[in-house]
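Got your viewer open? Let's take a short walk through this model, one selection at a time.

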Amino acid sequence: MAEQLREPVVDQIYSLNLGPQHPSTHGVLRVLLDLDGEFIIKADPIIGYGHRGHEKMGENRTYKQFMPNSSRMDYLSGMLFNHGFALAVEKLSGIEVPERAKYIRTICAEMNRISSHLLWFGTYVMDLGGFTPFLYAFDDREQILDILDSVSGSRLTYSYCRFGGVCKDVGTDFVDRTRAFVKRLLSRFPDYHNLVTKNIIFIHRTRGVGVVTQEQARQFGVTGPNLRATGIEYDVRKAEPYEIYDRFDFNVPVGSKGDALDRYNVRLEEMVQSCRIIEQALDQMPKGDYHNESAAFKVRPPKGEVYFAVESARGQTGYYLVSDGSAFPYRCHIRVPSFGNLHVLTDVLKGTLVADAISILGSIDVVIPEIDR
Amino acid sequence: MGHEMGSDWVRLVVGLVVVLAFSQLNALFLVWLERKVAGHIQLRPGPKEVGPFGLLQTIADGIKLVGKELITPATADWKLFIIAPVFVFMPVLVGFLVLPFSPQLILRDMNAGVLLIFAFSTFTVLAILAGGWASNNKYALLGAVRSVAQNVAYEIPLLLSVMSVVLMVHSMRFAEIVQAQDKLWFIFLQPVAGLIFLICATAETNRAPFDIPEAESELVAGFHTEYSGMRFGLFFLAEYTNMFIVSAVATSLFFGGWQGPFGFDLHIPGIVWFLMKTYVLIFVIMWVRWTFPRLRFDQLMNFSWKVMIPLSLANLLVTAVVLKFI
Amino acid sequence: MAKKDDILQKLREMLAEDAIRMDEAYKAGVAFSAQVPLDKVRDVAAAFKDGGFYLESVTVLDFQDTVELVYHMNAHEPKSRVSFRALCGHDQPAPTVSDIFATAEWQEREIHEFFGNPFTGNTDLRRLLLPEDADYYPLKKTFGKVHAYVKREEIYG
């Protein structure tokens, strides 16, 4: 393993700029590295290139008008962010959701999780130099995007959820296509494992690289697959079951060492578990309303606040809404998972090789616009 | 006497012209082949618009490259900067002089043919270093330095594996090495040396999984960052021509050159056998590129110094011992 | 005993009688919420750290008469989110908790650049999301287009 064998001499430190235009930083990220030879002494991420003022917009839009904003923060988990926002407002206002709508939302959310993980898988291996799995993963992802396009009208940034359900019902076409897709995806995993997971070069690039300890995870607020790779079994869907997740039988994959290989394995296994949830949901989905018609068109929640957390593809996303009784939120704060996931890198990158920095950055799976809001 | 000398000169000039033409056409063909192979491995068709099956795509790319502005950075050392791409391409062409395309089609069957090819291929390392240094760019220099380290490290097991073959044939003349394989190809007698040669050849030509010096998705963009237009085109073509040369050498040393398997010709001319085998090896090199991720640089160096070199030394030793007792 | 019960006991000892508001039904997403005086924020944070909690998010609510810092803490256990809040004035310096929880360093940077409250003890208060030379505080209710700017008691009673 690569270790720093001597103390760096101060006048030999030079700084190198990684980004903001770089093929491997996901989103617009600039990391200022202080290097001693090939070892990183200090890593300082500089963000804010994608700041659009979503939280200020949140105070100037009605609740319904903010729904498109929510999916543009983390554009890869747009449906999950939509879902979380709808749930938060429904909790604040006490709006009921019909059963069918709950199932539809859960299925779409899990499909979104799979598509986000597939994209991460493709781009991560591409960063390491293996160009081919990227195209195989995108082949699968195209099917998800087509299915979600047929129900919601958008491929990437959805505004599908409404307060009290969804905006459009799904037909048998959706059910058949989703079932076929899940079947096909499960049959593709042996290919992915043969091509990537068992590849000796890939294992050498990821085993023992970028270890995040449990204490670091706690200090920096790391959540999601990065946290589970360190060994802490915490998934918001199991810890604070929302919607109908307590009706499904699924496992939460956990790693042990917290290195990049563990993070990779956790995410691949999460895709399999999401497939399980989708299959069970498709079996259990009842007929009925897709939207609570009695919900007011312009939602005016009573005075108060709510903090609602959902498990998005990258970790725990929290919506903190404060309502003053009007149609506009008084404060709309979103706690995004990539914030802590990126921050932990300032600690993890110390003492690692520059060549590993790309591998570690890729394995953490950050989406910068989510941090910038 | 004069007549022989005259025909000698004519033969040389004609041969050089043919070699130049062939190397250009070959490079064009290989660029197209790479894109098609990459496409089909990635479940997509690759170029298909320009010309039948996209065969004229490379010509279109070449015209585009020629039309681009040749930018020389203001702070670069312009003499070295301009010379470097030329020096990368030139030595590779020299290799064509000694390749045994068929019993009659060797331009110059030198008695140190093997040595000549490897001596000239080392020039490219100097040229890459010159290009990286002259660019006056932190990233280009890092890429060039890594390329030099990689090339030096993998040159040694390459030459040691070639030595094992030369020891068996007692000659460095390509024609004799090929003729010595008329009963059995050397790949069956020296499988370890053959494998080492192929791996080191991939590393020598800076192909994946050993393409750190020119990798786009790593921290540095590689030694040819600052090159634009046809200068970049020369680096690019040199890589593909180099790939042809090492595959051709592998064919001659291990796979029987212009001969058919086990001496059976099947009435196919020698040059066809030679080119067929060479292109199959090139295809394998391309196949490897699109399948495997990249090794980290220190893992790459460890692999060479701690695995390849001891293995090739042991192979040489075993060859010597076995030959002593046969 | 669950971590949140442990910390509840500890907080009852540290704070005044009516400072803790329980919410067993988890209506607002927290098990309980504690009102903490500004000078006791660091002690409370240290107590949470010893209790095995991690800092989920720090944010600020801007009211006409006061500014409220809201800290959300969570432990890696089911339904363990708790929050504690501190009141301070507009642009008044607040104590940092970045030496107790490393994530607070960036969260406080964000609060400072959006609301204007500096944090004493936070060594790095550069702009995080805004440009380095920004001299405005966007999320303040006196900046830009604002729909409502009320006193705290109008929402929380």
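Start where chain C meets chain A: in this predicted model, 27 residue pairs, both at pLDDT 80 or more, are in polar contact across that interface. Select β3 (54–62), β4 (67–74), α3 (104–115) and α4 (153–156) of chain C; each of them supplies at least two residues of the side that touches chain A. Among these, β3(C) gives the most, with 9 residues. Now colour that side of chain C by residue class, and you should find 30 nonpolar, 10 polar and 15 charged residues.

Next, look for charge pairs. There are 5 salt bridges between chain C and chain A. One to zoom in on joins Asp44(A) to Arg126(C), with the closest N and O atoms 3.1 Å apart.

Zoom back out to take in the whole contact, with 55 residues from chain C and 44 residues from chain A. About 4,200 Å² is buried between the two chains, and carbon and sulfur atoms give 54% of that area. Which three residues of chain C should you highlight for the area buried against chain A? Pick His76(C), Trp106(C) and Leu129(C): together they supply 18% of what chain C buries there, more than any other three residues.

Last stop: the largest nonpolar core, which has 252 residues. Select Phe197(B), Leu253(B), Phe48(C) and Phe84(C), the members that touch the most others. Then show helix α10 (residues 229–254) of chain B, whose 13 residues are the largest share of this core. Finish by centring on Phe48(C): leaving aside residues up to four places away in sequence, Phe48(C) touches Ile7(C), Leu11(C), Phe53(C), Met73(C), Val82(C), Phe84(C) and Phe101(C).

Notes:
Residues are numbered from 1 along each chain as its sequence is written. Chains are lettered from A and ligands numbered from 1 in the order in which they are written. This is a predicted model: local features need pLDDT of at least 70, side-chain atom pairs count only at pLDDT 80 or more; totals for chains, interfaces and linings use all residues. Side-chain values use heavy atoms; hydrogens and water are left out. A nonpolar core is a set of buried Ala, Val, Leu, Ile, Met, Phe, Trp, Tyr and Cys residues joined through side-chain atoms within 4.5 Å. Buried means under 20% relative accessible area, exposed over 50%, partly exposed in between (1.4 Å probe, protein chains only). Helices (H or I, at least four residues) and strands (E, at least two) are DSSP runs, numbered from the N terminus. Contact means heavy atoms within 4.5 Å. Buried area is the accessible area (1.4 Å probe) that two parts lose on being put together, summed over both. A salt bridge is a side-chain nitrogen of Lys or Arg within 4 Å of a carboxyl oxygen of Asp or Glu. A polar contact is a pair of N or O atoms within 3.5 Å; within protein, one must be able to donate a hydrogen and the other to accept it, and residues adjacent in sequence count only if both atoms are side-chain atoms. Ala, Val, Leu, Ile, Met, Phe, Trp, Tyr, Cys and Pro count as nonpolar, Asp, Glu, Lys and Arg as charged, and the others, Gly among them, as polar.
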